[in-house]
Protein chains: 2
Amino acid sequence: MDVVTALIRLTGLIQGIYARVSERHDLTPVQAKLLCVLLDGPRGMADLAQIFGVERAALTGLMDRAEKRGLAHRVPVPRDRRALQATLTDAGREAAAAFHVDITAELNRLTGDLTSDAGEHLRAALAEIIERHRAAPGPGGIGCC
Amino acid sequence: MDVVTALIRLTGLIQGIYARVSERHDLTPVQAKLLCVLLDGPRGMADLAQIFGVERAALTGLMDRAEKRGLAHRVPVPRDRRALQATLTDAGREAAAAFHVDITAELNRLTGDLTSDAGEHLRAALAEIIERHRAAPGPGGIGCC
DNA sequence: TATTGTTATACTCTATAACTATA
DNA sequence: TATAGTTATAGAGTATAACAATA
């Protein structure tokens with residue numbers, strides 16, 4: 001198997017795991033990612049749109065649904081009356097934390113069979129690839145999820 | 001950066017590249033994947049649904065759109081009058097081939113900076129991970145795309 | 001009865017364009 | 001004028017459930 005095929009297959013594998021874990025927590029993959037981003041702290045809508053690589057209008061619907069499900073809410077910003085900040089509710093924080101634990105465990109299982117040497121080689125190679133191409137924000141966004 | 005974070009970031013990076021290349025060829029990522037799968041030969045609808053990890057009903061819409069765009073069409077199966085086979089048109093075959101060349105080049109650039117030693121280590125590690133978890137078909141499906 | 005594929009319906013996610021309110 | 005966020009509309013992709021035709 002050549003490296004390009006391996007990369008595509010790996011991506012499919014990880015997307016599948018991400019989708020499965022999300023579903024297990026009764027979240028869509030995008031919702032799960034939103035919660036994980038917000039775990040780092042509140043974010044403005046435009047900020048989130050940039051992180052997700054989508055238009056601002058897409059965030060409106062995303063937050064509407066998260067809000068309807070009681071996972072997040074919008075809070076006004078004191079100094080700028082146009083701006084809103086997406087913030088986790090307590091339920092949202094719990095859901096995000098639980099998801100994070102679960103997805104981390106599942107993905108760790110993926111590399112758990114490698115020798116520690118091979119694991120470190122892999123980690124280093126991936127880190128180098130990401131470092132060199134960090135221009136692309138895209139899906140995958142910030143932090144871990 | 002730990003290996004789990006690296007895996008998620010890499011997945012985001014590759015999804016972004018896949019989306020960008022698809023768009024460059026005026027395809028959605030799912031359409032691009034459909035064309036790539038069909039490049040290996042005609043497939044039944046149920047077969048495709050299984051490869052894509054979706055319900056059969058989803059394939060109906062997918063093929064409707066591909067057919068409307070002149071990229072693929074359904075051909076009857078002689079021995080089973082219930083069955084249909086999704087087949088590429090000439091335009092679809094050309095689009096699939098062009099996409100394949102492009103995505104392969106883009107993804108090769110991703111690992112092009114690695115030393116040949118590091119590249120081989122990476123390839124081997126990914127191949128082992130995929131081998132051990134090949135149970136999951138999921139998105140990523142068959143072959144390269 | 002089981003399988004193949006479709007239709008109908010509903011939901012999530014996304015883009016574009018036009019809009020409001022505030023800076 | 002520029003920015004933050006929304007609304008309206010359209011389309012892709014998906015699931016579920018019910019259905020038709022054939023095996």
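The following is a conversation about how certain labels are earned in this predicted model.

Biologist: How do you know that A:Tyr18 and A:Phe99 form an aromatic pair, and what makes the pair edge-to-face?

Modeller: The ring centres of A:Tyr18 and A:Phe99 are 5.3 Å apart, with 70° between the planes; because a pair needs centres within 6.5 Å and edge-to-face needs planes over 60 degrees apart, both labels apply to A:Tyr18 and A:Phe99.

Biologist: Why is this pair said to tie together parts of chain A?

Modeller: A:Tyr18 belongs to helix α1 (residues 3-24) and A:Phe99 to helix α5 (residues 90-111), so the pair joins parts that are 81 residues apart in sequence.

Biologist: What makes A:Tyr18 count as buried, and how do you know that A:Phe99 is buried?

Modeller: Buried means under 20% relative accessible area; A:Tyr18 has 11% relative accessibility and therefore counts as buried, and A:Phe99, with a relative accessible area of 1%, is therefore buried as well.

Biologist: Which residues of chain B form an aromatic pair, and what is its geometry?

Modeller: B:Tyr18 and B:Phe99 form an edge-to-face pair, computed at 5.3 Å centre to centre with 70° between the planes, and this pair links helix α1 (residues 3-24) of chain B, where B:Tyr18 lies, with helix α5 (residues 90-111), where B:Phe99 lies. Both B:Tyr18 and B:Phe99 are buried, and the search of the whole structure finds two aromatic pairs over all chains.

Biologist: How do you know that A:Lys33 lies over the face of A:Phe52?

Modeller: The distance from A:Lys33 to the ring centre of A:Phe52 is 4.4 Å, which can be set against a limit of 6 Å, although the definition also asks for a position within 35 degrees of the ring normal. In chain B, B:Lys33 lies over the face of B:Phe52, at 4.3 Å from the ring centre.

Biologist: What makes A:Asp113 and B:Arg132 a salt bridge?

Modeller: The closest N and O atoms of A:Asp113 and B:Arg132 are 3.5 Å apart, and because the cut-off is 4 Å, A:Asp113 and B:Arg132 form a salt bridge. Between chain B and chain A the count is two salt bridges.

Biologist: How many residues are in contact between the chains, and what area is buried?

Modeller: In chain B, 42 residues are in contact with 42 residues of chain A, and the area buried between the two chains is about 4400 Å², with carbon and sulfur atoms giving 76% of that area.

Biologist: Which residues have the most contacts inside the largest nonpolar core?

Modeller: In that core of 87 residues they are A:Leu122 and B:Leu122; beyond its neighbours within four places in sequence, B:Leu122 is in contact with residues including A:Val3, A:Leu122, A:Ile129 and B:Leu114.

Conventions:
Residues numbered from 1 in each chain as written. Chains lettered and ligands numbered in written order. Predicted model: local features only at pLDDT ≥ 70, side-chain atom pairs only at ≥ 80, totals over all residues. Heavy atoms only, no water. Core = buried A, V, L, I, M, F, W, Y, C linked by side-chain atoms within 4.5 Å. Buried < 20%, exposed > 50% of the residue type's maximum accessible area, 1.4 Å probe, protein only. Contact = heavy atoms within 4.5 Å. Phe/Tyr/Trp six-rings, centres within 6.5 Å; stacked < 30°, edge-to-face > 60°. Helix = DSSP H or I, 4+ residues; strand = E, 2+ residues; numbered from the N terminus. Buried area = accessible area lost by both parts, 1.4 Å probe. Salt bridge = Lys/Arg side-chain N within 4 Å of Asp/Glu carboxyl O.
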